[in-house]
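Trainee: I would like to learn how to read salt bridges and enclosed spaces from a set of coordinates. Could we work through one example together?

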Amino acid sequence: MEMDNKVMETIFARRSIRSYEDRPVEDDKVDVLVRCAAAAPSAGNGRPTHFVVIKERGTLEELSKVHPYGAMLAKAPLAVAICAETEKTDLSRRYWEQDCAAAMENLLIGAQALGLGAVWLGVCHLSDGGARIQEMLGVPGNVPVMGLASVGYPAETKRPHSGDPGDRLHLERW
């Protein structure tokens, strides 16, 4: 089957980008990224996700020191933290990580579609549960930060994924 569909091309082309050009991401693109993330599905349509947009150079540099895999944040023009109001509904309490993951993936695909590069940095499973990052960003204590997306204009190029699952595909049963 030919993959000439723009959405499919964008999904396959999306790669983790950790090196960025030295230029800001325009506000209208930031708005589109957050709207993409906010459009993601959530359990029972509970919409527990919250988004913290970070552009301040000092905060980005500090995040790069606090996150063990976040060195690229020191040069990134933008980061977006995806958090969850876990007590919003019973389903939000049970499925907040999936809700946030769907929002993160939408943001990453949106970044690719806008000519940006991004990488997902997990936060909630850090050794401190993300408490330092939560505090740095002023996120309430009862609202976990699921992850950060480091975003910018890519200064590196990677070949698209093939999407071939190989021996990871199982039909009907494992």
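Trainee: Why are K6 and E9 separated by about one helical turn?

Mentor: What we have here is a predicted model, and the general idea is to look at the spacing along the helix before looking at the side chains. In this case K6 and E9 are separated by about one helical turn because they are three residues apart in helix α1, a helix that covers residues 6-13. Their side chains meet in a salt bridge, with 3.8 Å from N to O.

Trainee: How should I read the accessibility of these two residues, and is K6 buried or exposed?

Mentor: The class follows from the relative accessible area, with over 50% taken as exposed and under 20% as buried. K6 has 62% relative accessibility, so it counts as exposed, whereas E9, at 33%, counts as partly exposed.

Trainee: How many salt bridges are there by this rule?

Mentor: The rule asks for a side-chain nitrogen of Lys or Arg within 4 Å of a carboxyl oxygen of Asp or Glu, and by that rule the count comes to seven salt bridges.

Trainee: Which residue forms a salt bridge with D27?

Mentor: When reading such a pair, it helps to ask where each partner sits along the chain. The partner of D27 is K55, and the closest N and O atoms of this salt bridge are 2.3 Å apart. This pair links distant parts of the chain, since D27 belongs to helix α2 (residues 27-38) while K55 is found in the loop between β1 (49-54) and α3 (57-66), 28 residues apart. As for accessibility, D27 counts as exposed because its relative accessibility is 55%, and K55, with a relative accessible area of 37%, is partly exposed.

Trainee: Where do R94 and D90 lie?

Mentor: Both belong to helix α4 (residues 90-113), where they are four residues apart, about one turn of the helix. The two side chains meet in a salt bridge of 2.9 Å from N to O. R94 counts as partly exposed at 48% relative accessibility, and D90 likewise counts as partly exposed, at 40%. Beyond the single pair, one should look for shared partners: salt bridges of that kind join E87, D90, R93 and R94 into one network.

Trainee: Let us turn to the enclosed spaces. How many cavities of 30 Å³ or more are there?

Mentor: The thing to settle is whether a probe placed in the space can get out, because a cavity is a set of points where the probe fits but cannot get out. By this rule the count comes to one cavity of 30 Å³ or more, and about 30 Å³ of space lies in the largest cavity.

Trainee: Which residues line the largest cavity?

Mentor: The lining consists of A37, A38, A40, P41, S42, R47, P48, T49, D99 and A103. Helices α2 and α4 each supply at least two residues of this lining, and by residue type the lining divides into six nonpolar, two polar and two charged.

Trainee: What is the volume of the largest pocket, and which residues line the largest pocket?

Mentor: A pocket is read as an open space rather than a sealed one. Here the largest pocket has a volume of about 150 Å³, and its lining is formed by A13, R15, I17, Q112, G115, L116, G117, P154, E156, T157 and K158. These residues divide into four nonpolar, four polar and three charged.

Note on methods: Residues numbered from 1 in each chain as written. Predicted model: local features only at pLDDT ≥ 70, side-chain atom pairs only at ≥ 80, totals over all residues. Heavy atoms only, no water. Buried < 20%, exposed > 50% of the residue type's maximum accessible area, 1.4 Å probe, protein only. 1 Å grid on protein atoms, 1.4 Å probe; cavity = no way out; pocket = protein on both sides within 12 Å on 5 of 7 lines; lining within 4 Å. Points joined across faces, edges and corners; volume = space filled by probe spheres on them. Nonpolar A, V, L, I, M, F, W, Y, C, P; charged D, E, K, R; others polar.
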